[in-house]
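Please look at the structure below with two topics in mind: how nonpolar residues gather inside the protein, and what surrounds the ligand.

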Amino acid sequence: MSSRMPGFYSLSLEERKRVAAAALGIELAELEHCLEAGGLPIQKAEHAIENVIGTYALPFALGLNFQVNGVDRVLPMVVEEPSVVAAASNAAKLVRAGGGFHAEVDEGLMIAQVQLDGVPDVQVARARIEDAKVEIIALADSSVPNIIARGGGMRDLEIRDLGDGLLVVHLLVDTLDAMGANIVNTMAETVAPTLASLSGGRVGLRILSNLADRRLVRVRGRVPTSVLAVGEQSGEEVRDAIVRASRFAETDPYRAVTHNKGIMNGVDAVILATGNDFRAVEAGAHGYAARSGKYSPLCTFRVAEDGALEGRLEMPMALGVVGGMIRVHEGAQLALKIARVDSAKTLAMLAGAAGMASNLAALRALATLGIQRGHMALHARQVAIAAGARGHEVDRVAAAINLIGSVTLDEAKAELARIRS
Ligand code: MEV
């Protein structure tokens, strides 16, 4: 399966679905069925949350050209913002020229926190909890037999003294292919009374931490300067401008937040498509970005030894491919099939690659022509396609309406008629 589908954007919706189904080895009827009603029929939506009065759709698109750890991947992306999918696909093509994305993930442990207040002697409490570790792990595991049967479970605990008699115990849990919020919350609630009696303190909160720094994804990507040139600017000039943009974000939190927003454009689109909890990943991402006390970029760029541009991304990515919304959302199930992922770890790597691609695309545009020109060009192409332009006509119509500065459907139709006659 190749993630390259040249000219995909210029096809009609019907053609795009047919080409995608054929390329992905998915029946067209299945693809269309899964995306009916946005993948979530009202009968299912009604029972998913409370007070439901309807459903709310967003565009479902394909991120193309991605190669991650040597394997071509088509990324399902759900996002309302124009340019995000095109930009990520373009950047993925650039990274592909440098050998594709290289990604890895941590072993993958979720953290559940148990707050213990009013602990009379923190040293004594710490020793007693450490001594009872095996029993605590067994007790926690007994509350989630399903995950234990599949090989997951609590691996360790950590004790943190936050001062003033406030002790926090972290349960470190392998939740396998689930995001794991329910699993670790259940475990925390189960062991909290035992921890309270061992410590002599009172039970406070028992809840996961979204600062999932035991579930990090790391992505590397190289882009040879031969493919980086923009307009009059050489590949080397664009590379250096991207590195300066990266340093700007490394120096200034005002810029770092926007830089990271650009990363989350790609990450969230994959997370939403696959039915995952984007608020959890957002919270974890920004917490991780601020871990040194100074808010910093999650992806940075430098010049590699051979002169190529090299990007490195590191961020928490607590995702699941089973459980939660995925169980009922047919669009999410289709998304996982499109991405060909069967593990949370692989999905985390793809989301990380989407993040780096979105960041690279934004920096390349911002550091050269600015993003508005690209936005307008893309918008003109969409209008040309809506007017009926196909194949090579799309760029000709788009260029013409862009040039006269009137990017409207009427103008595009008139231009298309002129070209065809
Ligand atoms: C817009 O959605 C994202 C950007 O602002 C990101 C950035 O500035 O790097 C273009």
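## The nonpolar cores

In this predicted model, the largest nonpolar core has 62 residues, and the members that touch the most others within it are F101, M315 and M317. Helix α13, which runs over residues 344-366, gives the most to this core, with 12 residues. In soluble globular proteins, nonpolar side chains tend to be buried together.

M315 can serve as an example: leaving aside residues up to four places away in sequence, M315 touches R215, L216, V217, I263, M264, V267, A285, Y288 and L298. Apart from the largest core lies another one, of 36 residues, which includes M110, I147, L171 and M179.

## The shell around the ligand

Which residues surround the ligand? They are E81, R255, T258, H259, K261, G262, N265, A362 and L366, and by type they divide into 2 nonpolar, 4 polar and 3 charged residues. Helix α10 contributes the largest share of this shell, with 6 residues.

## Polar contacts and cover

Three side chains can be described through their distances to oxygen atoms of the ligand. For E81, an N or O atom of the side chain is 2.6 Å from a ligand oxygen, while for R255 the corresponding distance is 2.7 Å. A polar side-chain atom of K261 also lies 2.7 Å from an oxygen atom of the ligand.

On its own, the ligand has 300 Å² of accessible area, and the protein covers 85% of it. The elements that give two or more residues to the surrounding shell are α10, spanning 253-273, and α13.

Technical notes. Residues numbered from 1 in each chain as written. Predicted model: local features only at pLDDT ≥ 70, side-chain atom pairs only at ≥ 80, totals over all residues. Heavy atoms only, no water. Core = buried A, V, L, I, M, F, W, Y, C linked by side-chain atoms within 4.5 Å. Buried < 20%, exposed > 50% of the residue type's maximum accessible area, 1.4 Å probe, protein only. Helix = DSSP H or I, 4+ residues; strand = E, 2+ residues; numbered from the N terminus. Contact = heavy atoms within 4.5 Å. Near = heavy atom within 4 Å. Polar contact = N/O pair within 3.5 Å; in protein donor to acceptor, adjacent residues only side chain to side chain. Areas by Shrake-Rupley, 256 points an atom, 1.4 Å probe, with all protein chains shown as cover. Nonpolar A, V, L, I, M, F, W, Y, C, P; charged D, E, K, R; others polar.
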